[in-house]
Amino acid sequence: MRIFLFRHGESLGNVSEQAYRQFGDHNVPLTQWGYRQALEAGRVIASYLKSLPDDESQTLDVWYSPFLRTRQTKDALLASLPAGFIGNVREDYLLREQDFGLFSEIYDHAEQRQKFPDEFEKWARLRNSSGKFYARPPDGESRADVAQRVRLFLQTVMHDARNGTGNVAIVGHGVTNRAFEMSFLQRSVDWFERSHNPGNADVILIEGSHAMGYASKLLHQAADRQEGQKDGLRDAYDAVVTMTPARE
């Protein structure tokens, strides 16, 4: 069985946190560079499948988060694959990004504290007493909550693996993909806290069998956009949107 954990490419939210306020987390598009990253990662996955022995299936089932940036990344993956390699392509809301509740549009801790002082202090106390993995942002999800819903999704993957090709791509988000790797490989909470989110358009490959065991490796590390590029690569991909300047 092979599982390709594919994080979405660079989005407008990775360029400016203002994008989350303007579009909402679920509707933030890729940048032009992010789509290029996703195409390149898709080609790496296609090349890997082509290299498999002739007696092994090269068909890839694809699951993806419903957020815009993951849907666009999924489209880039499909565009990179030979038509005969594409199996079932399905969306699952369990793969969505972590919900940060009141902090969904604010990633700066100082601004969180300024706008929601009571809620921030409560969250800070929970992080200190229970640990970051278990502490829920106000009206949001903890990392433990994400891991629980990803474990539900994992049941679907394992059911399909018993009746399908065994090659699966999951196009998701940093925390979601890391939670999947944790659950599938039965990693500890300490492992999760010591690990880091994959980069934009990075691909982690989990490979093995029930009898021999499974292991993960970084199959592809995407190139970052060079600082100062002015050729439109920071603009939104396939969307007519304009970034509104941040208010003072």
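## A tour around helix 8

Start by selecting helix 8, which lies across strand 1, strand 4, strand 5 and strand 6 and runs at about 155° to strand 1. Keep in mind as you look around that this is a predicted model.

**Stop 1: helix 8 and its cover.** Colour residues 174-184 and show the rest of the chain as a surface. All 11 of the 11 residues in this helix are buried, so helix 8 is largely enclosed by the rest of the structure. Among the buried residues are Val175, Phe180, Met182 and Phe184, together with Asn177, Arg178 and Glu181. To see what does the covering, add strand 1 (2-7), strand 4 (167-172), strand 5 (203-209) and strand 6 (213-220), then helix 7 (143-161) and helix 9 (189-194); the cover includes each of these. Past the end of the helix, click on Gln186, whose phi is positive, near 55°.

**Stop 2: Arg178.** Stay in helix 8 and show the side chain of Arg178. What is the nearest side chain of opposite charge to Arg178? That is Glu193, 5.5 Å away, and Arg178 has no salt bridge even though it is buried. Now bring up Asn197: its side chain and that of Arg178 are joined by a polar contact of 2.9 Å. To fill in the surroundings, select Arg143, Trp191, Phe192, Ser195 and His196, which Arg178 touches along with Asn197, leaving out residues up to four places away in sequence.

**Stop 3: the sheet.** Switch to a cartoon view and select the strands. They form an open sheet of 6 strands in the order 3-2-4-1-5-6, with mixed pairing. At the edges sit strand 3 (86-91) and strand 6, each of which pairs on one side only. From one strand to the next, the twist averages 20°. Zoom in on strand 2 (residues 60-64), which pairs with strand 4 in the parallel sense over 4 bridges. Pick Val62 there, and you will find its bridge partner, Ala169, in strand 4. Next, bring back helix 7, which packs on the sheet and touches strand 1, strand 2, strand 3 and strand 4; its direction makes about 165° with that of strand 2.

**Stop 4: Asp224.** Finish in the segment after strand 6 by selecting Asp224. Is Asp224 buried or exposed? Asp224 is exposed, with a relative accessible area of 58%. Apart from neighbours within four places in sequence, Asp224 is in contact with Trp33 and Gln37. For a last distance, draw a line from the C-alpha of Asp224 to that of Leu185: the two residues are 28 Å apart in space and 39 residues apart in sequence.

How values were computed. Residues are numbered from 1 along each chain as its sequence is written. This is a predicted model: local features need pLDDT of at least 70, side-chain atom pairs count only at pLDDT 80 or more; totals for chains, interfaces and linings use all residues. Side-chain values use heavy atoms; hydrogens and water are left out. Buried means under 20% relative accessible area, exposed over 50%, partly exposed in between (1.4 Å probe, protein chains only). Helices (H or I, at least four residues) and strands (E, at least two) are DSSP runs, numbered from the N terminus. Contact means heavy atoms within 4.5 Å. Lys and Arg count as positive and Asp and Glu as negative; His and the chain ends are not counted. A salt bridge is a side-chain nitrogen of Lys or Arg within 4 Å of a carboxyl oxygen of Asp or Glu. A polar contact is a pair of N or O atoms within 3.5 Å; within protein, one must be able to donate a hydrogen and the other to accept it, and residues adjacent in sequence count only if both atoms are side-chain atoms. Two strands pair if DSSP finds at least two bridges between them. Axes are lines fitted to C-alpha atoms, for helices over the stretch in contact, and angles run from 0 to 180 degrees between N-to-C directions.
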